[in-house]
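Trainee: Could you take one part of this model and go through it closely, starting from a single buried charged side chain and working outward to whatever surrounds it?

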Amino acid sequence: QVQLVESGGGLVQAGGSLRLSCALSGRTSDIYAMAWFRQVPGKDHDSVATIRWQDGGTSYVDSVQGRFTISRDNAKTTLYLQMNRLKPEDTAVYYCAAAAIGVRGYGYWGQGTQVTVSS
């Protein structure tokens, strides 16, 4: 089992920045990838950014490329999402998720943190 706890959401004006954190605990040695997803009411979760846990390779959805940065600490106990030049359309609940050995897909999810960008 892996436990994930997000923090860092809030209200920010357009053009501002926020950094989300996701604290990991449990069998973190089983993790091979992590991601940030976001969800707006009435829609499915959309992937925003992913990171390969071993070598740190990253990928981003086009809408956040160049504005968002996914990273992890060297101890591999915390996942981050640095969000710059925020836009009102970035408003959503943001979730961190982990893909681990023996579990299908992104099988572990945090509770979510609200990000609201005002225009």
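Mentor: What follows begins with one acidic residue, passes to the disulfide beside it, and then turns to the salt bridges and two backbone angles. The model is a predicted one, and every value below is computed from its atoms.

The starting point is Glu-6, which lies in strand β1, a strand that covers residues 2-7. Glu-6 is buried and yet takes part in no salt bridge, since the nearest side chain of opposite charge belongs to Arg-38, 13 Å away. A salt bridge would need a side-chain nitrogen of Lys or Arg within 4 Å of a carboxyl oxygen, so at 13 Å Arg-38 does not qualify as a partner for Glu-6. What the side chain of Glu-6 does reach is backbone: the nitrogen of Gln-111 at 2.8 Å, and the nitrogen of Gly-112, also at 2.8 Å. Once neighbours within four places in sequence are left aside, the contacts of Glu-6 include Trp-36, Tyr-94, Tyr-95, Gly-110 and Thr-113, and among them are also Cys-22 and Cys-96.

Those two cysteines lead to the disulfide. Cys-22 and Cys-96 are joined with an S to S distance of 2.1 Å, and the count of disulfides in the structure comes to one. The torsion about their S-S bond is about 60°, so the disulfide is right-handed. Because Cys-22 belongs to strand β3 (residues 18-26) and Cys-96 to strand β9 (residues 92-100), the pair ties together parts that are 74 residues apart in sequence. Both Cys-22 and Cys-96 are buried, as is Glu-6, which is in contact with each of them.

Arg-38, named above as the nearest opposite charge to Glu-6, has its place elsewhere, in a network of salt bridges that links it with Arg-67 and Asp-90. Within that network, Asp-90 pairs with Arg-67, and their closest N and O atoms are 2.8 Å apart. Asp-90 sits in the loop between β8 and β9, and Arg-67 in the loop between β6 (58-60) and β7, so this pair ties together parts that are 23 residues apart in sequence. Asp-90 counts as buried at 0% relative accessibility, and Arg-67 is buried as well, with a relative accessible area of 6%.

The structure holds four salt bridges, and two others can be described beside the network. Arg-27 pairs with Asp-30, the closest N and O atoms being 2.9 Å apart, and Asp-30 counts as buried at 18% relative accessibility. Asp-55 pairs with Arg-52 at 3.0 Å between the closest N and O atoms; here Asp-55 counts as exposed at 52% relative accessibility, while Arg-52, at 48%, counts as partly exposed.

Two backbone angles remain. Most residues other than glycine have a negative phi. Lys-76, which is not a glycine, has a positive phi of about 60°; Lys-76 lies in the loop between β7 (68-72) and β8 (78-83) and is partly exposed, with a relative accessible area of 23%. Arg-85 likewise has a positive phi, near 50°, and is found in the loop between β8 and β9, where Asp-90 of the salt-bridge network also lies. Arg-85 is partly exposed, its relative accessible area being 48%.

Terms used
Residues are numbered from 1 along each chain as its sequence is written. This is a predicted model: local features need pLDDT of at least 70, side-chain atom pairs count only at pLDDT 80 or more; totals for chains, interfaces and linings use all residues. Side-chain values use heavy atoms; hydrogens and water are left out. Helices (H or I, at least four residues) and strands (E, at least two) are DSSP runs, numbered from the N terminus. Buried means under 20% relative accessible area, exposed over 50%, partly exposed in between (1.4 Å probe, protein chains only). Lys and Arg count as positive and Asp and Glu as negative; His and the chain ends are not counted. A polar contact is a pair of N or O atoms within 3.5 Å; within protein, one must be able to donate a hydrogen and the other to accept it, and residues adjacent in sequence count only if both atoms are side-chain atoms. Contact means heavy atoms within 4.5 Å. A disulfide is a pair of cysteine sulfur atoms within 2.5 Å.
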